[in-house]
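This report walks through a protein model, moving from one residue to its strand and then to the wider fold. Please keep the sequence and the coordinates at hand while reading.

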Amino acid sequence: MASHLVVRACPPFRVPGLPGDAGAVDVTSLTGSAAATAAGPSGLERDARSLLDGAELDRARAMSARTREDFLAGRLAQRRFAAELLGVPASGLTAWYSCPRCGTGEQISHGRPGYLLRGHAAPLLLSLSRASGWTLLAGVVDPERGQRLGIDAEDPARADFDGFDDVVLTGAEQRHLAGLHGTSLLRGRARLWARKEAWLKMLGTGLQTAPDTLDVLGPRVEGHAGLRDLPPAESGLPAELVAAVAVVVLP
């Protein structure tokens, strides 16, 4: 069976129910990834101690309370999402992150996400992004050889600062947004930023690549196809947020 992309949006941890249009969101994600919404922070901490691995918990301990809650909720969402896609218990997975600078293994708690299943790399690509309290997850089961995945969600309000264009956009992208103002400009900036972030996550390099050197206007980036916007109907995010995904096969 050919691999295919699965995307899921998980509502903010602290907000009961579904903000906005519930129809676009897979409601099972509420119990699978935001179970602590009803149980509160104590339930979140309990679930984290039960399901997350040592490196993830160690990283969380160094965070402030609010940041820690968001981090733990996101990691629980990702683990349960991965387990669901693989058809296995979440407790049967071991986090196995990969960072180009720090290496790969259960001692790594950042970088490209992945899991071990029964001691072997799970046949699964994963990517996660957060925006305005929402967690956006993407997964590909049984990926093709050389296939990579990256996803990103952005709040246009975060693109409202002087110097954004010079730091983030190429000359062609700046010309593309010329003449836009207000909400349209912020949304245009956020769309391009989400596309860049998705692409860089797919590559695994992150901001080691200067974003103003990466042009994401066209259907192909650096000679490769596979980058596209994710509309709210597909992402499950509120309409005010923007998202993009990159699914690319690299040699």
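## A residue in strand β7

Leaving aside its neighbours within four places in sequence, with which residues is Leu124 in contact? In this predicted model, Leu124 is in contact with Ala82, Leu85, Leu86, Val140, Val141 and Pro143, where contact means heavy atoms within 4.5 Å. One of these partners, Ala82, is 42 residues from Leu124 in sequence, while the two C-alpha atoms are 7.7 Å apart in space.

Leu124 is found in strand β7, and it counts as buried because its relative accessibility is 10%; buried means under 20% relative accessible area, exposed over 50%, and partly exposed in between, with a 1.4 Å probe and protein chains only. Helices (H or I, at least four residues) and strands (E, at least two) are DSSP runs numbered from the N terminus.

## Basis and confidence

Residues are numbered from 1 along each chain as its sequence is written. Because the model is predicted, local features need pLDDT of at least 70 and side-chain atom pairs count only at pLDDT 80 or more, whereas totals for chains, interfaces and linings use all residues, and side-chain values use heavy atoms, with hydrogens and water left out.

The mean pLDDT of the protein chain, that is, the predictor's confidence in each residue on a scale from 0 to 100, is 88, and 88% of the residues reach 70 or more. Among the elements of the chain, strand β9 (residues 147–154) has the highest mean pLDDT, 98, and helix α1 (residues 28–33) the lowest, 38. Over residues 16–39 the pLDDT is below 50, although this stretch has 40 contacts in the model beyond near neighbours in sequence.

## The β7–β8 hairpin

Strand β7 covers residues 124–131, and seven of its eight residues are buried. It runs antiparallel to strand β8 (residues 134–141), to which eight bridges join it; two strands are said to pair if DSSP finds at least two bridges between them. Within this pairing, Ser127 stands opposite Ala138 in β8.

The two strands form a hairpin with two residues between them. Ser132 lies in the loop between β7 and β8, and its phi is near 50 degrees, a positive value in a residue other than glycine. With a relative accessible area of 45%, Ser132 is partly exposed.

A comparable backbone note applies to Glu222, which is not a glycine but has a positive phi of about 50 degrees. Glu222 has its place in the loop between β10 (220–221) and β11 (224–225), and at a relative accessible area of 53% it is exposed.

## The three-stranded sheet

An open sheet is formed by three strands in the order β2-β5-β6, with antiparallel pairing. Its edge strands are β2 and β6 (120–121), each of which pairs on one side only. Two bridges join β5 to β6, and Leu116 stands opposite Ala121 in β6.

## Nonpolar cores

A nonpolar core is a set of buried Ala, Val, Leu, Ile, Met, Phe, Trp, Tyr and Cys residues joined through side-chain atoms within 4.5 Å. The largest one has 32 residues, and those with the most contacts inside it are Leu72 and Leu93. Elements that each supply at least two residues of this core include α2 (36–51), α3 (54–61), β2 (93–95), β5 (115–117) and β7, while α4 gives the most to it, with nine residues. Leaving aside neighbours within four places in sequence, Leu72 is in contact with Leu44, Glu45, Ala48, Leu52, Leu57 and Ala60. Apart from this core lies another, of 23 residues, among them Leu185, Trp193, Met202 and Val242.

## Helix α7 and the cysteines

Helix α7 (residues 182–203) has 22 residues and should span 32 Å at 1.5 Å a residue, which agrees with the 32 Å between its end C-alpha atoms; the expected span is 1.5 Å times one less than the number of residues. Gly204 follows α7 and has a positive phi, near 85 degrees.

The structure holds zero disulfides, a disulfide being a pair of cysteine sulfur atoms within 2.5 Å. For Cys99, the nearest cysteine sulfur is that of Cys102, 3.7 Å away. Cys99 counts as buried because its relative accessibility is 8%, and Cys10 counts as buried at 3%.
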